[in-house]
Each structure stands twice: as C-alpha cells, then as structure tokens.
Amino acid sequence: MYKATEDIPYQERPALADSENCQAYVEVHHDALFQNGLKTKAEFRAVSGFSIWYSVRNPYSENARDLGIEVGRELLKQGFFPKKAYESVGWAKAESLNEGVFTRTGNANDLHVLIKPNIPSIIIEVGVIQNPY
C-alpha cells in the first residue's frame, strides 16, 4: 500500500501506483454541492451516501467493478448507504446499484486516475461535504 503524504498531481498518480507495484488503485473523495445549498433533510438525504466509480476504459475494468462491489458490500456492513441519485443522471450508469457502483458514460468517462493505471482503479466518494443537519 502506498499512502501519499504530500499532494501529488493527479496526472502523476497512475505512474506512481504502477511504479510501486500496487495491486489496485483506490482514491477516497467527498462529493461537494455547487448550488445554493440544501433546504430540507429530504434534499440532503437524496444526495447523501457513498458512491464508487470505475471506468470501462481501464484495462482491468472487470476487476475494478468487482473491487468496487466488494468495497460497497463492506461499507453496507458498516451501516453506510449508497447514493441513489446518480441512477437518474445521463452521464452515469449504475453497474451495481445496491452496492453503489457506477461507471461514467460518454464524454464523462475520462477521469485520468480511473483510465490510466495499469491496475484495477476505483474512486470512492464517501459523502457530501455540506451537511446542515
């Protein structure tokens, strides 16, 4: 396992993972909202939860999907819940909605850290940064 202790530009991360002989590439993020905020608990609940992303353009996309499903199952066991909001947007495809696993489609399927590593690669979005409740 390699844990970054400094900010590494995203363009350099896949090569670093490859050079360290990592078996998988995992980034942990948080979602943010670019709107005026959430007005009700129901609105917050609709965008809350985790999501796990992989790319079909990664050379190990099936392994990445399977890794995402396993991570999602472990998060569920710990009491977390997957975000369902992405099932209705045009640039996301639910691969395993119960485990919160998605792939980006069309022109949105271009996240460098998901397509460039020569190992299974996922991003885990662990929640929304804005929580007024």
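**Note on the predicted model**

1. A hairpin is a convenient place to start. Four residues lie between β3 and β4 in their hairpin, and G100 there takes a positive phi near 75°. The structure is a predicted model, and the points below should be read as describing that model.

2. The two strands of this hairpin are paired. β3 and β4 (residues 101-104) run in the antiparallel sense, joined over four bridges. Two of the pairings can be given by residue: K93 has T103 in β4 as its bridge partner, and S96 stands opposite V101 in β4.

3. The hairpin belongs to a wider sheet. Five strands make up an open sheet with mixed pairing, in the order β1-β5-β2-β4-β3. β1 (25-31) and β3 (92-96) are the edge strands; each has a single partner strand, so one side of each has no neighbour in the sheet. From one strand to the next, the twist averages 30°.

4. Which residues make up the largest nonpolar core? There are 11 of them: A17, C22, Y25, W53, Y86, A92, F102, V113, L114, I119 and I123. A second core, separate from this one, has nine residues, including F50, I52, L75 and I124. As general background, nonpolar side chains in soluble globular proteins tend to be buried together.

5. L114 deserves a closer look. This residue is a member of the largest nonpolar core. With neighbours within four places in sequence left aside, L114 is in contact with W53, Y54, S55, N58, S121, I122 and I123. Among these contacts, W53 and I123 are also listed in the largest nonpolar core.

6. N58 is the next residue to consider. It sits in the loop between β2 (51-54) and α3. Is N58 buried or exposed? Its relative accessibility is 3%, so N58 counts as buried, the cut-off for buried being under 20%. The side chain of N58 reaches the backbone oxygen of L114 at 3.0 Å. Not counting residues up to four places away in sequence, N58 touches L114, I115, P117, I119, P120 and S121. I119, like L114, is listed in the largest nonpolar core.

7. Last, the confidence of the prediction. The average pLDDT of the chain is 82, and 82% of the residues score at least 70. Where in the chain is confidence lowest, and where is it highest? Helix α2 (residues 41-47) has the lowest confidence, with a mean of 73, while helix α3 (residues 61-77) has the highest, at 94. Helix α3 is also the helix that follows the loop holding N58.

Methods:
Residues numbered from 1 in each chain as written. Predicted model: local features only at pLDDT ≥ 70, side-chain atom pairs only at ≥ 80, totals over all residues. Heavy atoms only, no water. Pairing = 2+ DSSP bridges. Axes fitted to C-alpha atoms, helices over the stretch in contact; angles between N-to-C directions. Core = buried A, V, L, I, M, F, W, Y, C linked by side-chain atoms within 4.5 Å. Buried < 20%, exposed > 50% of the residue type's maximum accessible area, 1.4 Å probe, protein only. Contact = heavy atoms within 4.5 Å. pLDDT = per-residue confidence, 0-100. Polar contact = N/O pair within 3.5 Å; in protein donor to acceptor, adjacent residues only side chain to side chain.
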